[in-house]
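Hi,

Here is the structure I said I would pass on. Have a look at it first, and then read my notes below.

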Amino acid sequence: MRGARWHGLVTGLAVGLTALPACANRLTFEVRPDLQPDHIIACSVALQDGWISLVQVRGVGMPARHPIRWRMSQREEAAILTALQGFIAGDAASIDPYASRTPAPPFVSVTWMTSLDGDLASGLYFQPGLHLPGFLKASLTTLGLENTCGLSARAAE
């Protein structure tokens, strides 16, 4: 049952992401505070052509038909690029998604993707507990997404 719900969440987020234009700068957060599938929050933030797109899924539901979009400021663009740079630099090490196991809740996972020297770079990061690395917490704060992505009360644990 839990596997079917997990599959439903992943499928729902994938469907929502395909509604967005292909994007080379993207961060997708999943906050899993406990074992209850209805408590999962997933957010995908993407930069493209001067716009930020946000897709959010709560529980095992489907994302909204249309992402929330707004014109990004230089500060918001810098925040997302700083977060992506942190992953590229290894400030938060990515894992092999095929050889690694999902930690027991609570945890935060971040899937990231960016263009790097004309190629696509991506990774998967798991953070046991609900703490975030400083560079990632600062980026979410700048974007004002702590509440939206379910990290506000827990990021300072």
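A quick word on terms before the details: buried here means under 20% relative accessible area, exposed means over 50%, and partly exposed is anything in between. By that cut-off F87 counts as buried, because its relative accessible area is 4%. Please also keep in mind that this is a predicted model.

First, the overall layout. The protein chain has three helices and six strands, and their order along the sequence is α-β-β-β-β-α-β-β-α. Of its 157 residues, 41% count as buried. If you take the contacts between residues at least 6 apart in sequence, 54% of them join residues at least 24 apart. The chain exposes about 8,300 Å², and carbon and sulfur atoms supply 54% of that area.

Now the inside. In soluble globular proteins, nonpolar side chains tend to be buried together. The largest nonpolar core in this model has 29 residues, and the members that touch the most others are L27, I80, F87, V110 and L136. Two or more residues each come from β1 (25-32), β2, β3, α2, β5, β6 and α3 (134-143). Helix α2 gives the largest share, with five residues. L136 is a good place to start clicking: setting aside residues up to four places away in sequence, L136 touches F29, A83, F87 and V110. Two of those partners, F87 and V110, are also on the list of best-connected core members.

Next, the aromatics. How many aromatic pairs does the count come to? There are four. One of them is F87 with W112, a stacked pair at 5.8 Å centre to centre and 5° between the planes. F87 sits in helix α2 and W112 in strand β5, so this pair ties together parts that are 25 residues apart in sequence. W112 is buried like its partner, since its relative accessible area is 6%.

Another pair is F107 with F126, and this one is edge-to-face: 5.5 Å centre to centre, with 70° between the planes. Here the link runs from strand β5, which holds F107, to strand β6, which holds F126, so parts 19 residues apart in sequence are tied together. F107 is at 1% relative accessibility and so counts as buried. F126 has a relative accessible area of 19% and is therefore buried as well, given that the cut-off is under 20%. Ring pairs also link F87, W112, Y125 and F135 into a cluster, so do show those four rings together when you open the model.

A few backbone details are worth a look too. The peptide bond between P105 and P106 is cis, with omega about 5°. Where does P105 lie? It is in the loop between α2 and β5, and P106 is in that loop too, with α2 spanning 74-89 and β5 spanning 107-116. P105 counts as partly exposed because its relative accessibility is 25%. Leaving aside neighbours within four places in sequence, P105 is in contact with R32, P33, D34 and L35. P105 and L130 are 25 residues apart in sequence, and their C-alpha atoms are 9.0 Å apart in space.

Then there are two aspartates with positive phi. D49 has a phi of about 50° although it is not a glycine, and D49 lies in the loop between β2 (41-48) and β3 (51-58). Is D49 buried or exposed? At 65% relative accessibility, D49 counts as exposed. D117 has a positive phi as well, near 55°, and is again a residue other than glycine. D117 is found in the loop between β5 and β6 (119-128). With a relative accessible area of 75%, D117 is exposed.

One last item concerns a polar side chain. S53 lies in strand β3 and counts as buried, because its relative accessibility is 6%. Its side chain is joined to that of R69 by a polar contact of 3.5 Å.

That is what I have for now. Write back if anything is unclear.

Best wishes

How values were computed:
Residues are numbered from 1 along each chain as its sequence is written. This is a predicted model: local features need pLDDT of at least 70, side-chain atom pairs count only at pLDDT 80 or more; totals for chains, interfaces and linings use all residues. Side-chain values use heavy atoms; hydrogens and water are left out. Helices (H or I, at least four residues) and strands (E, at least two) are DSSP runs, numbered from the N terminus. Buried means under 20% relative accessible area, exposed over 50%, partly exposed in between (1.4 Å probe, protein chains only). A nonpolar core is a set of buried Ala, Val, Leu, Ile, Met, Phe, Trp, Tyr and Cys residues joined through side-chain atoms within 4.5 Å. Contact means heavy atoms within 4.5 Å. Rings of Phe, Tyr and Trp (its six-membered ring) pair if their centres lie within 6.5 Å; planes under 30 degrees apart count as stacked, over 60 as edge-to-face and the rest as tilted. Accessible areas come from the Shrake-Rupley method with a 1.4 Å probe; for residues, only the protein chains shown count as cover. A polar contact is a pair of N or O atoms within 3.5 Å; within protein, one must be able to donate a hydrogen and the other to accept it, and residues adjacent in sequence count only if both atoms are side-chain atoms.
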